Amino acid sequence: MAKKRRPQPQSAAPQIKDGEVPVVGAREPCPCGSGRRYKACHGRRAAHAVTELVQRPFEGLPGECDWVALRELVPAATAELTLKGGLPEGVPSVTLATVLPMAWPALRRDNGAILLGLQNDTASGDISRDLADTLQRALDAEPGNPVAAARPSAEGPRLQDLLDLNAPFEPTVHKGFEFWVENAENATGEVAASLERANAAAIPTARIPGLEGAYWCEAPEKNHLRWVTAHPEEQLLDALARLHAAGSSSLGEGTRLVGSFRAHGLVVPVWDLPSTMGADEVAKPAVEFAERLTEALAAKTPLTADERRARGGLTNRQITLS
């Protein structure tokens with residue numbers, strides 16, 4: 001019988017930080033010197049960090065619903081970010097942007113200002129940690145340069161650690177991507193052509209005043225209202241079912257609550273709207289619906305048979321985006 005190999009005591013291994021451990025084959029010895037294979041040592045923690053999914057990555061941030069909407073629903077939008085302790089010297093502003101040219105994770109402008117892209121692919125299961133890592137690297141980048149993608153440390157900060165949690169989050173929805181470049185009105189050549197192509201692909205979208213996370217969008221055959229809500233899922237579905245069964249879930253003539261989807265731990269009800277109904281026309285009925293929803297959320301009685309059927313119809317049409 002072969003003698004069982006004893007692993008080296010932890011104290012005998014050099015103390016190497018996770019960020020300093022190079023990527024090696026899973027079956028190769030771990031570079032930390034523990035005597036174990038990489039997959040059973042530092043590789044286990046790295047794999048866990050990559051695959052672990054944070055269900056609500058923006059929880060705790062002001063405007064969580066708008067963060068989710070800008071990540072999943074809105075083509076072109078920006079929002080000014082406030083850092084804890086204020087802006088460092090040489091950084092006049094930090095602006096969140098739905099997407100940046102060439103899908104850059106971030107961009108440090110010539111004047112030192114930072115644009116942080118939100119809709120990029122992420123290297124871990126925690127979007128907040130990925131964005132915080134990108135933001136930190138953008139703060140250290142030389143002006144006039146984009147910031148490349150990278151895998152964050154599993155122990156690195158999250159946005160909740162870097163941003164002022166008492167500062168408001170106020171997105172601005174744009175018709176196009178002119179915010180990519182300074183003095184966009186004077187753009188020519190390939191820059192102007194790139195903006196024109198990007199703008200042509202953007203779906204017209206508008207934020208509904210007074211409703212955090214609610215956005216109207218124009219589609220070829222019918223328009224839509226999509227409202228990212230922070231209500232607990234089961235409670236929200238019960239309330240929507242009560243309103244649907246009572247015939248009060250619509251937003252007016254020709255509109256219909258068609259279902260909902262999940263995004264980053266939040267539920268997003270969706271309404272079909274007539275193609276003639278714009279953002280201004282849907283704003284008032286949407287706010288009135290929110291008042292009805294508040295009343296329905298407060299109801300404590302069990303669902304009736306009709307309400308249970310309505311709830312079943314809503315959940316059968318529910319999907320998960322993230």
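The exercises below work through a predicted model of a protein, each with a solution in steps.

**Exercise 1.** Describe the overall make-up of the protein, from its secondary structure to its buried share and its contacts.

*Solution.* Begin with the secondary structure, which comes to eight helices and twelve strands. Next, take burial, where a residue counts as buried when its relative accessible area is under 20%; of the 322 residues in the protein, 45% meet this condition. Then turn to the contacts with a separation of 6 or more, of which 61% join residues that stand 24 or more positions apart. Finally, consider the surface: the protein exposes about 17300 Å², and carbon and sulfur atoms supply 52% of that area.

**Exercise 2.** Explain why helix 2 is described as largely enclosed by the rest of the structure.

*Solution.* Locate the helix at residues 64-72, which makes nine residues in total. Then pick out its buried residues, which are E64, C65, D66, W67, V68, A69, L70 and R71. Because eight of the nine residues are buried, helix 2 is largely enclosed by the rest of the structure.

**Exercise 3.** Find how many cavities of 30 Å³ or more the protein holds, and characterise the lining of the largest cavity.

*Solution.* The count comes to one cavity of 30 Å³ or more, and the largest cavity holds about 100 Å³ of space. Its lining is made up of L61, P62, W67, E80, L81, T82, L163, D164, L165, A167, P168 and F169. Sorting these lining residues by type gives nine nonpolar, one polar and two charged. One residue links this exercise to the previous one, since W67 is among the buried residues of helix 2 and also lines the largest cavity.

Notes. Residues are numbered from 1 along each chain as its sequence is written. This is a predicted model: local features need pLDDT of at least 70, side-chain atom pairs count only at pLDDT 80 or more; totals for chains, interfaces and linings use all residues. Side-chain values use heavy atoms; hydrogens and water are left out. Helices (H or I, at least four residues) and strands (E, at least two) are DSSP runs, numbered from the N terminus. Buried means under 20% relative accessible area, exposed over 50%, partly exposed in between (1.4 Å probe, protein chains only). Contact means heavy atoms within 4.5 Å. Accessible areas come from the Shrake-Rupley method with a 1.4 Å probe; for residues, only the protein chains shown count as cover. On a 1 Å grid over the protein atoms alone, a cavity is a set of points where a 1.4 Å probe fits but cannot get out, and a pocket is an open set with protein on both sides within 12 Å along at least five of seven lines; lining residues have an atom within 4 Å of a point. Grid points are joined across faces, edges and corners, and a volume is the space filled by probe spheres set on the points. Ala, Val, Leu, Ile, Met, Phe, Trp, Tyr, Cys and Pro count as nonpolar, Asp, Glu, Lys and Arg as charged, and the others, Gly among them, as polar.
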